[in-house]
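The exercises below are to be worked with the sequence and the three-dimensional view side by side. Each opens with a task and is followed by a solution in steps.

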Amino acid sequence: MKNRDIHHVLRSARPPAYDGWHNTDEARQILANILSTTPEEETHMTPPTRRRPARIALIAAGAVAAATAVALLAGPQLFGQDNTPGSNGQQSASAFFEPLRFGTGMREAEQYDSLEAAAEAASAVVTAEVVDIRTTRVIKGEGSDRLYMIGVVVRPVEILDGALGETSQQQLTVEFIGGGEDPTAAVEQMKASLPEGESVWFLRSKAEEGERHLGELKQAGRTPSPDEVKAIEGDKPYYRVVSSQGLFVQEGQEVTNPIVSEDETSDAMVVEGEKYDKVTNLADHVRETR
Amino acid sequence: MADAGDSRSTQRRLEGLFTAHADRVYAFAAHRLDPEAARDVVSETFLAAWRRIEEIRDPALPWLLGTARKIIANELRRHSRQTALTERLIVMTSERDTGDESASAADRQSVIAAMRHLSEADQEVLTVSAWYDLSGSEAAKVLGCSPGAYAVRLHRARRRLHRQMGPAAAEDCASHPVQEVEP
C-alpha cells in the first residue's frame, strides 16, 4: 500500500465529524456561558502559536562559538539518561547515536534545505565506518561551566564530495557536544557497541573554520585574543557534522538520521536523505550531484 | 461608545469562530475523550480564544485545535491515562456506518490494527494529517512544531505504519518516499 493509499484509507476511517454540533443546545449553552464572562480576565492558557521563551542558542561550530555557548548550556544533558546502547542491549546504529541526538533545547545556527545545499556547505561528504568513540576535551565557560566534548572516530571509506586534509584521510574525529556533565562512563558503554557498516557524513573541518575566523578578524582589523587563539588551536584536529541534519545511517532496510532533533531543527533535507533504502544509494546520489 | 462598539465586534468575532469551527474542535476532542470531557474541552478552548481574541489570526482553526490539544493533554495527564486514540477509533467506527466506501473495510481494519502498535505521537501525527483537512503548515501549528519537523514526523510515522503492516508495505514505502498530501 502506497503512502497516498494509506492517507486515503486513513481518511476513509475518519470518525464522525459532528457537522452541525455548534447548533445543538449544549453548544449554544457553552457559547452563552463564555460570552457572559469578560474577555479581559486573566487566563493560564498558552496559545500554540506562541514561541517558547528564548532557548539555548547553541552553535555547534568551533570552540570559539562553543565556548560562548557553554554558559548557556544549562538545559541539555545528552548523557543524563540511561539510554546508551550498552544499557539497553541495542546494537543498532540509531541506538548508538541516540545519546548524541541534538537536544530540543538546542537551536542550530545552520540548516540546509537539501542534500545538495548541505554538500555544498560541507568541507567533505564521506562514507565512513565508526571505529571508536572517546571524550576529546572540556571547554571551560564562565565560572564553573564546563562543556564536555565527545569524538566519534571514523575511518573514511570514500570521499563523495569535497576534500579531506591529508592527515584525515585514514581516520578523523567528529566532535559532538556531550553536555555539561562528564560523559566518560556513558562513552565507555558506547565503545562496547560501535555500529557496523558505513554511514554518510556531511562534515565541516573545524581547522578550516578557525582559519576563516582568523581571516575575518584580520579583515575587521582585530587581533585575536589569546583565548580565541587557544580555542582555534584546540579545534584544529576535529571535524563536526554541518548540522544535526548531516548524518545518515543504515537501520535495517532503511536509511535514517539518528541525531536530528525532531523538534525544531528537522526539515526536508532529512526526509530527502531518508527516502533511500540503502546508505549506498544515498551515497550514489551525493556522488552524482556533486 | 467606542468601547461598546469594540466589545460588540469582539463578541461577533467569537461567535463567528464558534460557528465556523466548534464542530471541528468538538470532533477533535471527541475523537480522544468521552463526550462530556469533549464538551469541556470545547468550552475551555473557546474561553481561551475569547480571552486572546486579539492574538488569533486567520485561519483560526490551527490555533483552536492546538489549544484544544493542550487542554486534552492536561486532561489526560490529570487522569493518568493515554488517549488510546485507536481504541476510540475502533469504537466509533463500529458504532456507525461510515458511508465511505472509497476504501475497503479490510483496508481500514488493516490500517487501524497497524496503528494500534504505534506510539501515541505517531498516531497523532497520522490522524491530524488525515482527518481535519489541514495543510501541512496548519497541522504543524496544531502539533506545536515547525513545518519541517512535522514533515519528518509524518514521514517517520508513515514508515513505521508501513512496517507494522508487513514487509511488502514497508518495501513499498521505501520506494515511495513521503509525499505530503494536501487536502
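**Exercise 1. A charged side chain in a strand**

In this predicted model, the side chain of Glu175(A) makes a polar contact of 2.7 Å with the side chain of Lys206(A). Place Glu175(A) in the secondary structure, decide whether it is buried or exposed, and describe its surroundings.

Solution. Begin with the location: Glu175(A) belongs to strand β3 of chain A, which covers residues 172-179. Next, consider accessibility: the relative accessibility of Glu175(A) is 4%, and because buried means under 20%, Glu175(A) counts as buried. Then look for polar partners of the side chain: besides the contact with Lys206(A), there is a polar contact, also given as 2.7 Å, between the side chains of Glu175(A) and Arg137(A). Finally, widen the view to residues beyond four places in sequence, where Glu175(A) touches, among others, Thr136(A), Met149(A), Ile150(A), Gly151(A), Tyr238(A), Tyr239(A) and Arg240(A).

**Exercise 2. A glycine beside that strand**

Gly151(A) is one of the residues that Glu175(A) touches. Determine which strand holds Gly151(A), whether it is buried or exposed, and which residues it contacts.

Solution. The strand is β2 of chain A, running over residues 146-162. Gly151(A) has a relative accessible area of 0% and is therefore classed as buried. With neighbours within four places in sequence set aside, the contacts of Gly151(A) include Asp132(A), Ile133(A), Arg134(A) and Thr136(A), and also Thr173(A), Val174(A) and Glu175(A). As a last step, compare sequence with space: Gly151(A) and Tyr238(A) stand 87 residues apart along the sequence, while their C-alpha atoms are 8.2 Å apart.

**Exercise 3. A threonine in strand β1**

Establish whether Thr127(A) is buried or exposed, and list residues with which it is in contact.

Solution. Thr127(A) lies in strand β1 of chain A, residues 124-140. Its relative accessibility is 2%, so Thr127(A) is buried. When neighbours within four places in sequence are left aside, Thr127(A) contacts Arg155(A), Pro156(A), Val157(A), Glu158(A) and Leu160(A), together with Glu198(A), Ser199(A), Val200(A) and Ala283(A).

**Exercise 4. Two helices across the chains**

Describe how helix α2 of chain A and helix α2 of chain B are arranged relative to each other, and name the residues that meet.

Solution. Start with the geometry: the axes of α2(A), residues 25-35, and α2(B), residues 35-51, come within 10 Å and cross at roughly 35°, and the crossing is right-handed. Continue with the residues: from α2(A), Glu26(A), Ile30(A), Ile34(A) and Leu35(A) take part, and they meet Arg39(B), Ser43(B), Phe46(B), Leu47(B) and Trp50(B) of α2(B). Then sort these residues by character, which gives 6 nonpolar, 1 polar and 2 charged.

**Exercise 5. Backbone features in loops**

Locate the cis peptide bond at Pro59(B), and find the settings of Tyr18(A) and Asp133(B), residues with positive phi.

Solution. The cis peptide bond joins Asp58(B) to Pro59(B), with omega about -5°, and Pro59(B) sits in the loop between α2 and α3 (61-78) of chain B. Turning to phi, Tyr18(A) is not a glycine, yet its phi is positive, at about 55°; this residue lies in the loop between α1 (3-12) and α2 of chain A and is partly exposed at 27% relative accessibility. Asp133(B), likewise not a glycine, has a positive phi of about 55°, is placed in the loop between α6 (120-131) and α7 (136-143) of chain B, and is partly exposed with a relative accessible area of 36%.

**Exercise 6. The chains as wholes**

Characterise each chain by its secondary structure, its buried share and the sequence range of its contacts.

Solution. Chain A contains 11 helices and 7 strands, whereas chain B contains 9 helices and 0 strands. Of the 290 residues in chain A, 49% are buried; for the 183 residues of chain B the share is 51%. Considering contacts between residues at least 6 apart in sequence, 74% of those in chain A join residues at least 24 apart, and in chain B the corresponding figure is 67%. The exposed surface is about 13,600 Å² for chain A, with 48% supplied by carbon and sulfur atoms, and about 8,200 Å² for chain B, where carbon and sulfur account for 48%.

Methods:
Residues numbered from 1 in each chain as written. Chains lettered and ligands numbered in written order. Predicted model: local features only at pLDDT ≥ 70, side-chain atom pairs only at ≥ 80, totals over all residues. Heavy atoms only, no water. Helix = DSSP H or I, 4+ residues; strand = E, 2+ residues; numbered from the N terminus. Buried < 20%, exposed > 50% of the residue type's maximum accessible area, 1.4 Å probe, protein only. Contact = heavy atoms within 4.5 Å. Areas by Shrake-Rupley, 256 points an atom, 1.4 Å probe, with all protein chains shown as cover. Axes fitted to C-alpha atoms, helices over the stretch in contact; angles between N-to-C directions. Left-handed = near helix turned anticlockwise from the far one by under 90°. Nonpolar A, V, L, I, M, F, W, Y, C, P; charged D, E, K, R; others polar. Polar contact = N/O pair within 3.5 Å; in protein donor to acceptor, adjacent residues only side chain to side chain.
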